Amino acid sequence: MCGIVGYIGPRDATPIILNGLKRLEYRGYDSAGIAVLENSHIEVRRDAGKLNRLVSMVEGAPLSGNLGIGHTRWATHGEPNAKNAHPHIGSTGEVVVVHNGIVENFLELRDELIAEGTTLHSETDSEIIVHLIEKFLSTESDLLSASRKAFSLLKGHHGIVVISSKEPDKIIASRIGNAGGVVFGYGENEMFVASDLPAILEHTRRVSFLETHQIAVVTRDGVEAQTFEGEPVELETENISWDPVAAEKGEYRHFMQKEIHEQVRSITDTISGRVDFEKGKIILPQLNLTKEFANQIDRIILIACGTAYYAAMVGKVLIENIARIPVEVDVASEFRYRDPIINDRTVVIAISQSGETADTLAAMAEGKKRGATLWSIVNAIGSQAMRIADGYISMQTGPEIGVASTKAYSAPLVDQYMLAILLADLREVITEQERRALVEDLRHLPELVGQVLSRENQYMQVAHALKDSLNCIYLGRGINMPTAFEGALKLKEISYIHAEGYPGGEMKHGPIALFDKDLPVVVIATQDQWYDKMISQIEQTKARGAPVIAMATDGDKLIPPLADHVIWIPEVSWMLSPVLTVIPLQILAYHIAAIRGLDVDQPRNLAKSVTVE
Ligand code: M6R
C-alpha cells in the first residue's frame with residue numbers, strides 16, 4: 001500500500017527519495033510523487049502509473065534541494081491520476097503533505113473547508129490535511145502546533161509527513177493508529193523518514209519507530225517526539241541487522257520466483273535456534289511463555305487475512321492435534337464485528353507478514369480490549385503487530401517483496417507446528433517419545449523443501465498446460481484443505497484466472513455442477529489419512545470429463561492412470577505436508593502468470609501491506 005520517504009541533510013534529497021520509493025514499490029501503488037525544497041520554494045512532481053514515469057518527469061524537470069518528501073499512492077479516494085497523487089500542496093504553496101490511511105470524516109471536514117472558502121484540487125481525502133494545517137498556521141505558533149491541531153481532527157488511521165518552506169529545517173511526522181508505520185533513520189548530520197524500513201536501510205541501520213498518537217519533529221540532528229498532548233517521548237533506537245542485498249532479485253526473473261526458492265533458507269532459519277534436536281525440545285523465548293500460563297490457556301483464536309489466514313487454518317489442525325487446545329480461526333476483518341467471546345484464558349494469535357495489516361491490528365486491539373493475551377507471528381521486524389503483542393514469533397524469512405506471499409506462508413506453518421509442540425510439552429499432553437518424533441520430523445524439512453524446489457521444471461510443464469484456462473478448481477482435505485485455498489488464491493491474484501479452493505468433501509454439494517472438459521481441477525492427494533477420500537474425488541472429477549492435475553507422493557501407483565498431470569512431492573509427515581504441498585502450487589501460479597506476461601511482483605489492484613480497512 002502507500003509508501004512514504006523523507007530526507008533532511010546535506011545531500012541532494014531527490015535521488016535518496018526516488019531510490020527509497022523504488023524500494024517500496026513492492027507494496028503496490030498506482031501513482032507517485034515527490035516534493036523538494038528548492039531555494040525557499042517547494043517544487044512538486046507527481047504522476048499516475050509506475051515510478052519510472054515520475055523518474056522521467058524529474059529528469060525532464062530536475063529538482064534539487066536538501067529537504068524533501070516522496071510518496072507512492074494506492075488509490076482509495078479518487079482515481080489514480082496526477083492530481084490525486086501525493087504530495088498535496090496547500091493554497092499558499094508553502095506546505096506539502098504525504099499521507100497513508102483514510103480520513104474517515106473526510107466529507108465532513110471537506111464541506112467545512114469549502115464553506116470557509118478553500119478550493120480543493122483533488123478528489124482525495126488526503127488533500128484536506130494540508131489545508132487544515134494551513135488554516136491552523138494562521139493561529140498557531142509553528143508547523144508542529146498547526147500540524148498537531150490538524151491531525152487531532154482526523155478520524156481513522158494515519159501516517160503523515162509534512163514539510164513547509166517557511167520552516168526549512170524540519171520534517172513533521174506523525175502516526176495515528178495503524179495505517180502503516182513511521183520509521184526514522186539516523187545518519188551523520190542527516191535524517192531519513194519512511195513508512196517502511198527497506199526505504200532507508202541502504203543509508204543507515206540505526207532506526208527508531210513512532211508509536212500511535214505521537215508526533216515528531218525531525219531535523220538533521222535527530223528526532224524529538226511527543227504525544228498529542230505535548231508530553232515528550234524518548235524514542236528507543238535499534239540497529240537493524242538485515243542485509244538489504246537479501247531484497248535484490250539476483251539471478252531470478254521476479255522477486256516471487258526468488259522468494260519461492262528462498263524457502264529452503266527460510267525454513268532452515270525458522271528452525272535454527274528454536275529446536276534442540278538432542279533434547280527434542282522447542283525454544284521460543286520471545287513468546288514469554290511459562291508452564292503456568294500454558295496450563296491456563298483454554299482457547300486460542302488465530303486471526304489473519306488472506307494468505308496468512310490460510311496459514312492459520314493449518315495452525316488450527318496442528319495446535320488442536322498436538323496440544324489439544326481448542327482453536328478458532330477468524331478472518332481479521334470479521335473478528336471485531338462478531339462480538340467474540342474472550343476471557344483472560346484466551347490467547348489471540350495474529351499472523352501477518354507485514355505486521356501492519358489494518359484489519360489484523362484492529363482485531364488484535366479488540367482481543368486485548370477483551371482481556372486476551374496477544375501473541376503474533378510476524379515477518380516485518382519492528383512492525384506494529386510485533387510491538388503490541390505480549391509475545392511474538394518472528395518469521396525469519398527476510399523481507400518479502402513480491403505482493404503474492406510465498407515464503408511468509410510456509411514459515412508460519414512451521415512456527416505454529418513448533419508452538420503446538422511447545423504448548424503440548426508444557427501442558428504435558430504428549431509423551432517424550434511423541435515429542436521427540438515430532439521434533440525429529442523438522443530435521444529433514446529443509447532438505448525436503450529443496451527436493452520440491454528442484455522439480456520446478458516438472459511443475460512448469462503443468463503451467464504450460466493450464467496457461468489458457470479461464471477457471472480452475474483446487475480441492476484438498478484435512479490439513480491440506482487450506483493448501484487448496486492458498487493454491488487458488490495464488491493463481492487468481494497473479495494470473496487473473498478465476499480460481500476457487502474447496503474442501504474435497506464439499507465438491508459434490510455444488511461445485512461439481514461446474515465440472516466439464518474446460519475446468520481443470522487440481523487435487524491434493526498425498527499419502528495421509530485423507531488419501532482414499534481424495535482418490536474418490538479424482539474419480540468423480542474424471543467421470544465429469546474435467547482435466548485432473550493431481551498432487552501425489554513419490555511412488556504412488558494409483559494416481560498416474562487417473563490423472564492428466566501428476567505433481568510429485570517427496571514423502572513427508574502429514575503434519576508438515578502443507579509446507580511441501582504449497583510449493584508446487586506457488587510455482588504453478590508463478591509460471592502461469594509469467595507465461596501470460598503479467599506483472600508477477602505487482603499484480604493489479606493489490607498492495608503488499610494493506611493498511612486500510
Ligand atoms: O501482511 P499480511 O500477512 O497481514 O497480509 C495479509 C494479506 O493481505 C496477504 O496475505 C494477501 O492475501 C497476499 N496478497 C497474499 O498473497
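**Close-up views of a predicted model**

**View 1. An open parallel sheet.** Five strands line up in the order E24-E23-E25-E26-E27 to make an open sheet with parallel pairing. Here a strand is a DSSP run of E with at least two residues, a helix is a run of H or I with at least four, both numbered from the N terminus, and strands pair if DSSP finds at least two bridges between them. Strand E24 (498-503) and strand E27 (565-569) each have a single partner strand, so one side of each has no neighbour in the sheet. From one strand to the next, the twist averages 20 degrees.

This is a predicted model: local features need pLDDT of at least 70, side-chain atom pairs count only at pLDDT 80 or more, and totals for chains, interfaces and linings use all residues. Residues are numbered from 1 along each chain as its sequence is written, and side-chain values use heavy atoms, leaving out hydrogens and water.

**View 2. Inside the sheet.** Look for strand E23 (residues 471-476), which pairs with strand E25 (residues 521-524) over 3 bridges in the parallel sense. Ile473 stands opposite Val521 in E25.

**View 3. A salt bridge in helix H7.** Arg265 and Asp269 form a salt bridge, with their closest N and O atoms 3.2 Å apart; the term means a side-chain nitrogen of Lys or Arg within 4 Å of a carboxyl oxygen of Asp or Glu. The two residues lie 4 residues apart in helix H7 (residues 263-271), so about one helical turn separates them.

**View 4. A salt bridge in helix H14.** Arg443 meets Glu440 in a salt bridge, the closest N and O atoms being 2.6 Å apart. They sit 3 residues apart in helix H14 (residues 432-443), about one helical turn.

Conventions
Axes fitted to C-alpha atoms, helices over the stretch in contact; angles between N-to-C directions.
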